[in-house]
Amino acid sequence: MKHVLLQSCDTLLFPEGHITIAKNNQSLLQHLREKKFDLVIVEELELFDRIKQEFQTVPIVVAPLIGSISEAVEAMRRGAFDYIVRPL
(Lines give C-alpha, C1' and ligand atoms only; values in the text may rest on other atoms or scores of the structure.)
Protein backbone atom coordinates (compact mmCIF):
# COMPACT_ATOMS: atom_id res chain seq x y z
CA MET A 1 0.00 0.00 0.00
CA LYS A 2 2.87 2.34 0.81
CA HIS A 3 4.13 2.20 -2.77
CA VAL A 4 0.67 3.07 -4.14
CA LEU A 5 0.62 6.24 -2.00
CA LEU A 6 4.10 7.20 -3.18
CA GLN A 7 3.24 6.57 -6.83
CA SER A 8 0.05 8.63 -6.49
CA CYS A 9 1.96 11.52 -4.91
CA ASP A 10 4.58 11.33 -7.61
CA THR A 11 2.02 11.29 -10.42
CA LEU A 12 -0.47 13.83 -9.07
CA LEU A 13 1.63 16.25 -7.05
CA PHE A 14 4.98 16.12 -8.76
CA PRO A 15 4.54 15.53 -12.50
CA GLU A 16 8.08 16.77 -13.12
CA GLY A 17 9.45 14.02 -10.87
CA HIS A 18 10.65 16.10 -7.91
CA ILE A 19 10.02 13.58 -5.16
CA THR A 20 12.49 11.97 -2.77
CA ILE A 21 11.63 8.73 -1.00
CA ALA A 22 13.50 7.88 2.19
CA LYS A 23 14.02 4.21 3.02
CA ASN A 24 13.89 4.80 6.79
CA ASN A 25 13.66 7.53 9.41
CA GLN A 26 17.41 8.16 9.59
CA SER A 27 17.58 8.47 5.81
CA LEU A 28 14.72 10.98 5.87
CA LEU A 29 16.42 13.13 8.50
CA GLN A 30 19.65 13.04 6.48
CA HIS A 31 17.81 14.14 3.31
CA LEU A 32 16.25 17.02 5.24
CA ARG A 33 19.66 18.13 6.49
CA GLU A 34 21.13 18.11 2.99
CA LYS A 35 18.34 19.65 0.92
CA LYS A 36 15.36 22.00 1.26
CA PHE A 37 11.95 20.37 0.84
CA ASP A 38 8.58 22.03 0.23
CA LEU A 39 6.62 19.26 1.95
CA VAL A 40 7.26 16.13 4.00
CA ILE A 41 4.80 13.24 4.38
CA VAL A 42 5.23 10.90 7.36
CA GLU A 43 3.25 7.98 8.78
CA GLU A 44 3.73 8.44 12.52
CA LEU A 45 3.56 11.20 15.11
CA GLU A 46 6.87 10.19 16.69
CA LEU A 47 8.71 10.92 13.44
CA PHE A 48 6.63 14.07 12.97
CA ASP A 49 7.87 15.31 16.35
CA ARG A 50 11.53 14.62 15.49
CA ILE A 51 11.25 16.49 12.19
CA LYS A 52 9.26 19.40 13.65
CA GLN A 53 11.85 19.86 16.39
CA GLU A 54 14.77 20.18 13.97
CA PHE A 55 13.04 21.65 10.90
CA GLN A 56 10.37 24.03 12.19
CA THR A 57 9.53 25.64 8.84
CA VAL A 58 8.89 22.60 6.63
CA PRO A 59 5.20 21.68 6.26
CA ILE A 60 4.55 18.12 7.43
CA VAL A 61 1.55 15.99 6.49
CA VAL A 62 0.82 13.01 8.73
CA ALA A 63 -0.59 10.12 6.65
CA PRO A 64 -0.94 6.95 8.72
CA LEU A 65 -2.27 3.75 7.22
CA ILE A 66 -4.78 3.47 10.05
CA GLY A 67 -5.69 6.74 11.73
CA SER A 68 -8.13 8.03 14.28
CA ILE A 69 -9.91 11.25 15.06
CA SER A 70 -7.96 11.67 18.29
CA GLU A 71 -4.64 11.19 16.46
CA ALA A 72 -5.72 13.69 13.80
CA VAL A 73 -6.59 16.25 16.47
CA GLU A 74 -3.27 15.63 18.20
CA ALA A 75 -1.29 15.96 14.96
CA MET A 76 -2.95 19.26 14.15
CA ARG A 77 -2.43 20.49 17.73
CA ARG A 78 1.28 19.71 17.38
CA GLY A 79 1.48 21.75 14.18
CA ALA A 80 0.92 19.31 11.31
CA PHE A 81 0.13 20.95 7.98
CA ASP A 82 -2.54 18.29 7.40
CA TYR A 83 -3.63 14.81 8.45
CA ILE A 84 -4.71 12.35 5.78
CA VAL A 85 -5.98 8.83 6.38
CA ARG A 86 -5.05 6.59 3.48
CA PRO A 87 -7.73 4.30 2.07
CA LEU A 88 -7.32 0.60 2.82
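**Exercise 1. Determine which residues of α2 meet which residues of α3 in this predicted model, and describe how the two helices are arranged.**

Solution.

Step 1. Identify the contact residues. On the α2 side, the participants are N25, Q26, L28, L29, L32 and R33. Their counterparts in α3 are L47, R50, I51 and E54.

Step 2. Place the helices in the sequence. Helix α2 covers residues 25-34, and helix α3 covers residues 45-54.

Step 3. Examine the axes. Those of α2 and α3 come within 11 Å and cross at roughly 20°. Angles under 35 degrees count as roughly parallel, and α2 is therefore roughly parallel to α3.

Step 4. Assign the handedness. The crossing in which α2 passes α3 is right-handed.

**Exercise 2. Establish the strand order of the sheet, and explain why one side of β1 and of β3 is left without a neighbour.**

Solution.

Step 1. Write down the order. The open sheet consists of 3 strands, arranged β1-β2-β3, with parallel pairing.

Step 2. Locate the edges. β1 (40-42) and β3 (82-83) each have a single partner strand, so one side of each lacks a neighbour in the sheet.

Step 3. Inspect the pairing of β2 with β3. Strand β2, residues 60-62, pairs with β3 in the parallel sense over 2 bridges. V61 has D82 in β3 as its bridge partner.

Step 4. Add the helix that packs on the sheet. Helix α3 touches β1 and β2, and its direction makes about 170° with that of β2.

**Exercise 3. Place the sheet and helices within the chain as a whole, and state what share of the residues is buried.**

Solution.

Step 1. Count the elements. The protein chain contains 4 helices and 3 strands.

Step 2. Follow the sequence. The elements succeed one another in the pattern α-α-β-α-β-α-β.

Step 3. Consider burial and surface. Of the 88 residues, 26% count as buried. The accessible surface of the protein chain is about 6300 Å², and 57% of that area belongs to carbon and sulfur atoms.

Step 4. Consider contact range. Of the contacts between residues at least 6 apart in sequence, 22% join residues at least 24 apart.

**Exercise 4. Decide whether P87 is buried or exposed, and relate its position to that of L65.**

Solution.

Step 1. Locate the residue. P87 lies in the segment after β3.

Step 2. Apply the cut-off. A residue is exposed when its relative accessible area is over 50%. P87 has a value of 59% and is therefore exposed.

Step 3. Compare sequence with space. P87 and L65 are 22 residues apart in sequence, while their C-alpha atoms are 7.5 Å apart.

How values were computed:
Residues numbered from 1 in each chain as written. Predicted model: local features only at pLDDT ≥ 70, side-chain atom pairs only at ≥ 80, totals over all residues. Heavy atoms only, no water. Pairing = 2+ DSSP bridges. Contact = heavy atoms within 4.5 Å. Axes fitted to C-alpha atoms, helices over the stretch in contact; angles between N-to-C directions. Buried < 20%, exposed > 50% of the residue type's maximum accessible area, 1.4 Å probe, protein only. Areas by Shrake-Rupley, 256 points an atom, 1.4 Å probe, with all protein chains shown as cover. Parallel < 35°, antiparallel > 145°, perpendicular 65-115°, else oblique. Left-handed = near helix turned anticlockwise from the far one by under 90°.
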